[in-house]
Protein chains: 2
Amino acid sequence: MRKTFLFMDTVLNKVDAKGRVSLPSDYRAIVKESESEIVCYRSLCAPCIEGCLEDLLEKLASEMEDSLDFFSQKQDDLTNLIFGDAKRYPFDSTGRIMLSEKLLKHAQITDSAVFVGKGRKFQIWNPENWEKEEQRIRTEVLKNRPSLKGAGNES
Amino acid sequence: MRKTFLFMDTVLNKVDAKGRVSLPSDYRAIVKESESEIVCYRSLCAPCIEGCLEDLLEKLASEMEDSLDFFSQKQDDLTNLIFGDAKRYPFDSTGRIMLSEKLLKHAQITDSAVFVGKGRKFQIWNPENWEKEEQRIRTEVLKNRPSLKGAGNES
DNA sequence: TGGTATAACATGGGAAAACATGGGAATCAA
DNA sequence: TTGATTCCCATGTTTTCCCATGTTATACCA
């Protein structure tokens with residue numbers, strides 16, 4: 001079976017004047033092993049940047065490629081939004097990617113950014129915004145705790 | 001696994017007096033790697049130009065002839081329209097393609113154009129029109145958000 | 001165990017290459 | 001010839017690449 005790749009951990013890095021950020025080294029290892037590339041886009045539902053391996057989008061494209069849906073309006077809209085926003089972000093020899101103005105603005109990132117692992121994907125946040133978001137999520141999860149199953153909460 | 005070819009990102013380029021536009025460099029890379037060519041045609045459902053690799057139309061054609069009962073008369077008609085309109089658009093040594101008067105008129109493009117990635121396809125818009133269209137799509141998609149899957153919207 | 005050497009990493013800055021774009025000469029067609 | 005199309009060169013800008021430095025983490029040894 002193929003090795004699985006999970007983006008994990010939370011890492012704070014600086015963003016320099018050119019918009020460059022070091023990709024966490026764990027993430028870089030994943031990219032190298034998977035022989036794919038990092039793709040980033042503006043999250044549809046939060047003020048943050050979302051990233052994943054290009055493989056994930058490739059899967060999406062293949063599903064839509066079916067000529068039965070060649071003329072579907074709804075899929076048309078969806079592909080415009082996703083692929084129109086997404087872009088490859090290869091890292092240089094020192095491990096940095098260069099985030100575009102558009103992404104930085106959407107996530108309100110200026111001089112530092114937090115990488116948050118999410119399994120197959122990861123997010124990049126403005127540090128203060130992430131702090132608030134994490135609080136919100138923790139509160140939310142605790143509220144719904146009784147309904148959580150199979151995630152090691154039995155005892 | 002095959003290397004992935006995805007048209008992505010949104011790029012604004014100028015159209016000069018001769019009708020020349022630089023094809024975004026990412027797109028050029030795809031064309032070179034795929035050893036195919038760019039094909040453009042008037043979009044059937046929007047005031048924009050649509051483009052893809054010739055491979056994709058090739059695939060569409062094959063599926064049409066293989067599955068006689070599979071496709072409705074309506075889709076057959078739509079496909080005919082596309083093939084009747086489509087044409088190769090090779091780029092020169094500086095990476096520019098020359099859009100025809102017909103295409104430019106259909107998309108109301110004069111002195112600048114926006115390339116919008118759609119995965120296997122891409123679109124070329126008049127900048128103002130695209131701005132409105134993007135707004136429309138965002139509104140539309142967010143309205144239907146619960147139904148989105150595998151497109152990075154879980155959180 | 002403590003301390004030091006070594007390697008990996010994050011970060012800054014400058015050089016080099018790639019890119020978008022304008023213009024003109026050469027080529028071709030009506 | 002006229003108009004259009006292709007090819008080539010020039011230029012300013014952006015992006016990418018490469019080297020240097022300080023810091024942190026890891027390995028090693030006494």
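Chain A contains five helices and eight strands. The model described here is predicted. Followed along the sequence, the elements of chain A come in the order β-β-α-β-β-α-α-β-β-α-β-β-α. Chain A has 155 residues, and 45% of them are buried.

Helices from the two protein chains also meet. Helix α3 of chain A covers residues 73-85, while helix α5 of chain B covers residues 127-143, and the axes of this pair come within 10 Å. The crossing angle of the two axes is roughly 110 degrees. Since angles of 65 to 115 degrees count as roughly perpendicular, α3(A) and α5(B) are therefore described as roughly perpendicular to each other. The crossing of α3(A) past α5(B) is left-handed.

The next part of the picture is the DNA. Which residues surround DNA strand D? From chain A, the residues are Lys18, Arg20, Ser93, Thr94 and Arg96, written in full as A:Lys18, A:Arg20, A:Ser93, A:Thr94 and A:Arg96. From chain B, they are B:Lys18, B:Arg20, B:Thr94, B:Arg96 and B:Met98. Sorted by class, this surface near DNA strand D consists of six charged, three polar and one nonpolar residues.

It is also helpful to ask which parts of the strand lie by the protein. Among the atoms of DNA strand D within 4 Å of the protein, 18% are sugar or phosphate atoms, and the rest are base atoms. Several side chains can be followed to individual base atoms. In chain A, an N or O atom in the side chain of A:Arg20 is 3.3 Å from a base nitrogen of DNA strand D. In chain B, the side chain of B:Arg20 has an N or O atom 3.2 Å from a base nitrogen of this strand. The side chain of B:Lys18 has an N or O atom 3.4 Å from a base oxygen of DNA strand D.

Finally, the backbone offers two details to look for. Most residues other than glycine have a negative phi. A:Asp9, however, has a positive phi, near 75 degrees. This residue, A:Asp9, sits in the segment that precedes β1 (10-14) of chain A. A positive phi is also found at B:Glu35, where the value is near 55 degrees. B:Glu35 belongs to the loop of chain B that runs between α1 (25-34) and β3 (38-42). Is B:Glu35 buried or exposed? The relative accessibility of B:Glu35 is 73%, and exposed means over 50%, so B:Glu35 counts as exposed.

How values were computed
Residues numbered from 1 in each chain as written. Chains lettered and ligands numbered in written order. Predicted model: local features only at pLDDT ≥ 70, side-chain atom pairs only at ≥ 80, totals over all residues. Heavy atoms only, no water. Helix = DSSP H or I, 4+ residues; strand = E, 2+ residues; numbered from the N terminus. Buried < 20%, exposed > 50% of the residue type's maximum accessible area, 1.4 Å probe, protein only. Near = heavy atom within 4 Å. Polar contact = N/O pair within 3.5 Å; in protein donor to acceptor, adjacent residues only side chain to side chain. Nonpolar A, V, L, I, M, F, W, Y, C, P; charged D, E, K, R; others polar. Axes fitted to C-alpha atoms, helices over the stretch in contact; angles between N-to-C directions. Parallel < 35°, antiparallel > 145°, perpendicular 65-115°, else oblique. Left-handed = near helix turned anticlockwise from the far one by under 90°.
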